[in-house]
Amino acid sequence: MYKISEFSEMTGLTKETLRYYAEVKLLEPAFIDSKNNYRYYDDGSYFLAILLIKLRRLGFTIQEMISVMEDESFANLEALLLQKEN
């Protein structure tokens with residue numbers, strides 16, 4: 001498990017961005033300590049964060065990114081990627 005500061009350094013996403021992504025249910029921490037509200041991320045979170053970074057670089061909006069993440073099968077990802085190319 002990685003603290004938010006460690007995870008921020010690993011991914012290049014700011015702590016503010018990570019908090020915002022959690023707020024909009026885009027990338028939620030794997031665990032939040034109920035005693036101190038510290039956010040912890042895991043290796044699975046890392047791969048999702050990298051996907052989100054790549055989607056942003058391709059010009060995806062937050063809403064489009066949410067749509068991709070809600071479809072756990074990623075069945076519509078290819079169609080969205082093709083749409084971005086045009």
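Colleague: Let's start with one residue, Lys25: is Lys25 buried or exposed?

Modeller: Lys25 counts as exposed, because its relative accessibility is 58% and the cut-off for exposed is over 50%. Keep in mind that this is a predicted model.

Colleague: Good to know! Where is the place of Lys25 in the chain?

Modeller: Look in the loop between α2 and β2 (31–32), and you will find Lys25 there. You can also pick a partner and check a distance: Asn37 is 12 residues apart from Lys25 along the chain, and their C-alpha atoms are separated by 17 Å.

Colleague: Now the whole chain, please. What pattern does the chain follow along the sequence?

Modeller: Reading along the sequence, you meet β-α-α-β-β-α-α-α. That comes to five helices and three strands. The C-alpha atoms fill a box of roughly 45 × 20 × 20 Å along the principal axes.

Colleague: And how do I read the way two helices pack?

Modeller: The general idea is that two packed helices are described by the angle between their axes and the distance between the axes. In this structure, take helix α1 (residues 4–11) and helix α2 (residues 15–23): they pack at an angle of about 105°, and their axes are 9 Å apart. That makes α1 roughly perpendicular to α2.

Colleague: Which residues in α1 and α2 meet?

Modeller: From α1 come Ile4, Ser5, Phe7 and Ser8, and they meet Lys15, Leu18 and Arg19 in α2. Sorted by class, this contact of α1 with α2 has three nonpolar, two polar and two charged residues.

Colleague: What about the inside of the protein?

Modeller: In soluble globular proteins, nonpolar side chains tend to be buried together. Here, the largest nonpolar core has 20 residues, and Tyr21, Leu26, Leu52 and Met65 touch the most other members. Helices α1, α2, α3 (43–57), α4 (62–70) and α5 (77–85) each supply at least two residues of this core.

Colleague: Which helix gives the most to this core?

Modeller: That is α4, with five residues.

Colleague: Could we zoom in on one core member? Which residues is Leu26 in contact with, leaving aside its neighbours within four places in sequence?

Modeller: Leu26 is in contact with Tyr21, Leu52, Ile62, Met65, Ile66 and Met69.

Colleague: Last one: how much of the chain do buried residues make up?

Modeller: Of the 86 residues in the chain, 33% are buried. For the outside, the accessible surface comes to about 5,800 Å², and 49% of that belongs to carbon and sulfur atoms.

Methods. Residues numbered from 1 in each chain as written. Predicted model: local features only at pLDDT ≥ 70, side-chain atom pairs only at ≥ 80, totals over all residues. Heavy atoms only, no water. Axes fitted to C-alpha atoms, helices over the stretch in contact; angles between N-to-C directions. Helix = DSSP H or I, 4+ residues; strand = E, 2+ residues; numbered from the N terminus. Parallel < 35°, antiparallel > 145°, perpendicular 65-115°, else oblique. Contact = heavy atoms within 4.5 Å. Nonpolar A, V, L, I, M, F, W, Y, C, P; charged D, E, K, R; others polar. Core = buried A, V, L, I, M, F, W, Y, C linked by side-chain atoms within 4.5 Å. Buried < 20%, exposed > 50% of the residue type's maximum accessible area, 1.4 Å probe, protein only. Areas by Shrake-Rupley, 256 points an atom, 1.4 Å probe, with all protein chains shown as cover.
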